[in-house]
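Okay, hi everyone, thanks for making time. I'll put the sequence and the structure up on the screen, and then we'll walk through a few spots together.

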Amino acid sequence: MLYTLYPERKNAPDLDEALNSLKSIIEYRMQQSADNQHKDFRKVLQDFFKNSSFTTHIRQQTGEEINAEEFTIIMMALAPHILPHFFESVIAQYLPNGGDFPEFGGVRGSSHRGMLPTGETVQFVLAGRQLEKRLALQQYFTEAHFFYSSNMLWLEPVKEGEPFMSGRVVLASDFVEKILYGKETAPRFGLDFPARRITTQMSWEDAVLNEQTAEQIRDINTWMQHHSALKEDANLKNKIKPGYRVLFHGPSGTGKTLTAALIGKQFKKDVYRIDLSQIVSKYIGETEKNLENVFRRAESKNWILFFDEADALFGKRTNVQSSHDKYANQEVSYLLQRVEDYPGLLILASNFKSNLDDAFLRRFHAIIHFPLPNVNERLQLWQKAMPASLTADAGISLRELARQYEMTGASILNAVHYATLQCYARGSKVILQNDLVEGIRKEFIKEEKSM
């Protein structure tokens with residue numbers, strides 16, 4: 001049994017049974033092909049579907065009422081993830097001396113040494129040579145089908161001029177994990193997925209926001225709570241575009257990233273920060289391709305997307321004076337459309353609102369300014385930043401520090417961090433005013449400001 005490899009999964013559905021049944025289905029079709037018979041084998045397929053206990057497990061993981069053909073396609077895409085030689089072992093029975101069998105389809109991977117199924121493999125197994133049936137099977141690989149819309153399963157694009165169904169059947173890695181292990185892990189950061197999840201251990205009580213900023217953040221929270229009701233309204237659902245688009249603008253260190261993380265934490269939504277260094281490419285079309293990977297995956301997971309330093313992607317379009325300008329403008333045009341179509345919360349952050357293209361600004365539901373904190377807000381930030389394990393010296397006046405030094409929340413935290421380390425280095429339990437002032441001085445040097 002396969003699941004003896006995973007003793008903690010002793011109650012898992014019988015995957016071995018499902019794989020053996022799939023093998024029997026393919027062998028049945030191979031035998032028909034050898035005998036030059038390509039009859040409809042709906043009953044055989046239905047028996048495979050109904051008799052497999054694994055169908056219930058797949059339904060639970062997809063959240064869809066899948067049919068026999070959909071189940072078979074999922075199992076064919078899953079098989080190489082478990083048994084690399086799965087398809088070769090079946091074909092070898094009918095080609096003992098080796099040779100090629102183009103009708104079966106299939107491709108080799110760049111690292112995987114076994115056969116990977118293609119749309120043509122699906123057509124052969126489910127339709128044989130029945131032309132109408134082969135054409136009908138293409139519906140499972142259109143954008144309208146839940147395979148694609150849920151970012152679960154799709155056909156890999158092929159070169160221009162090659163048959164559409166010759167693309168590899170790709171089962172999303174996170175869905176493979178759900179089927180085999182009953183859990184999902186966060187996607188790994190890389191060229192294929194240039195985004196990182198951001199989290200925070202802080203709470204809203206730790207955030208010190210300008211009153212007007214806080215009021216606008218509450219508007220976002222209201223949308224997060226009630227946006228599903230808008231989709232159900234008979235009139236508004238046809239007129240209001242999906243999603244909610246917000247611009248956070250203001251100096252670095254004023255709480256833009258923290259606020260995005262706190263919204264995600266409050267509503268139990270993953271927040272992914274797009275890494276612009278991985279997104280932006282000098283090659284034409286690559287930037288859009290990299291972004292599409294993130295958008296498609298985020299749509300199926302209902303993530304919050306956070307574009308930090310958004311100027312690099314969403315900057316103003318320029319007059320076309322070279323081919324570079326032309327393609328840069330194409331990227332912005334693509335983003336305009338993609339941002340409007342995203343059904344979840346999308347946050348752009350920039351130090352300067354004026355750096356963004358006006359077409360983006362018109363599409364935001366809210367433009368929220370994160371100003372430098374005033375004296376009272378700085379006092380709160382100092383108070384919330386002080387270490388709980390140390391005692392403040394009697395000579396420390398946080399109010400005076402707040403009044404005298406104009407700093408962001410991030411800079412204040414860095415100054416306290418420095419002072420705390422100095423205290424530990426002395427072996428002391430008392431944090432001194434001089435330590436805090438030295439920490440402030442270092443922050444001012446970084447920002448090229450005078451004390």
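So, let me start with a question: which residue in E7 does Arg-196 stand opposite? Have a look while I mention that this is a predicted model.

Right, the residue opposite Arg-196 is Arg-273, in E7. Let's zoom out to the strands around that pair. Strand E5, residues 195-197, is joined to strand E7, residues 271-274, by three bridges, and the two run antiparallel. E7 is also joined to strand E8, residues 304-307, this time by four bridges, and that pair runs parallel. Now come back to Arg-273: in E8, its bridge partner is Phe-306. And here's a handy rule when you look at strands: in a regular one, the side chains alternate between the two faces of the sheet.

Okay, on to helices. When two helices pack, we describe them by the angle between their axes and the distance between the axes. Let's try that with helix H3, residues 54-62, and helix H9, residues 173-181. Their axes come within 10 Å and cross at roughly 135°. H3 and H9 are therefore oblique to each other, and their crossing is right-handed. Who's touching whom? On the H3 side we have Phe-54, His-57, Ile-58, Gln-61 and Thr-62, and they meet Phe-175, Lys-178 and Ile-179 of H9. Sort those by class and you get four nonpolar, three polar and one charged.

H9 has another partner to look at, helix H4, residues 68-82. Here the axes come within 11 Å, with a crossing of roughly 80°. An angle from 65 to 115 degrees counts as roughly perpendicular, so that is what we call H4 relative to H9. From H4, the contact uses Ile-74, Leu-78, His-81 and Ile-82, while H9 brings in Phe-175, Val-176, Ile-179 and Leu-180. By class, that's seven nonpolar residues, one polar and no charged ones. Notice some familiar names: Phe-175 and Ile-179 of H9 turn up in the contact with H3 and again in the contact with H4.

Last stop: Gln-123, which sits in helix H6, residues 119-127. Is Gln-123 buried or exposed? Its relative accessible area is 7%, and the cut-off for buried is under 20%, so Gln-123 is buried. What is Gln-123 in contact with, leaving aside its neighbours within four places in sequence? That would be Gly-128, Arg-134, Leu-137, Gln-138 and Met-165.

That's my tour, so over to you for questions.

Conventions: Residues are numbered from 1 along each chain as its sequence is written. This is a predicted model: local features need pLDDT of at least 70, side-chain atom pairs count only at pLDDT 80 or more; totals for chains, interfaces and linings use all residues. Side-chain values use heavy atoms; hydrogens and water are left out. Buried means under 20% relative accessible area, exposed over 50%, partly exposed in between (1.4 Å probe, protein chains only). Contact means heavy atoms within 4.5 Å. Axes are lines fitted to C-alpha atoms, for helices over the stretch in contact, and angles run from 0 to 180 degrees between N-to-C directions. Angles under 35 degrees count as roughly parallel, over 145 as roughly antiparallel, 65 to 115 as roughly perpendicular and the rest as oblique. A crossing is left-handed if the near helix is turned anticlockwise from the far one by less than a right angle, and right-handed if clockwise. Ala, Val, Leu, Ile, Met, Phe, Trp, Tyr, Cys and Pro count as nonpolar, Asp, Glu, Lys and Arg as charged, and the others, Gly among them, as polar. Two strands pair if DSSP finds at least two bridges between them.
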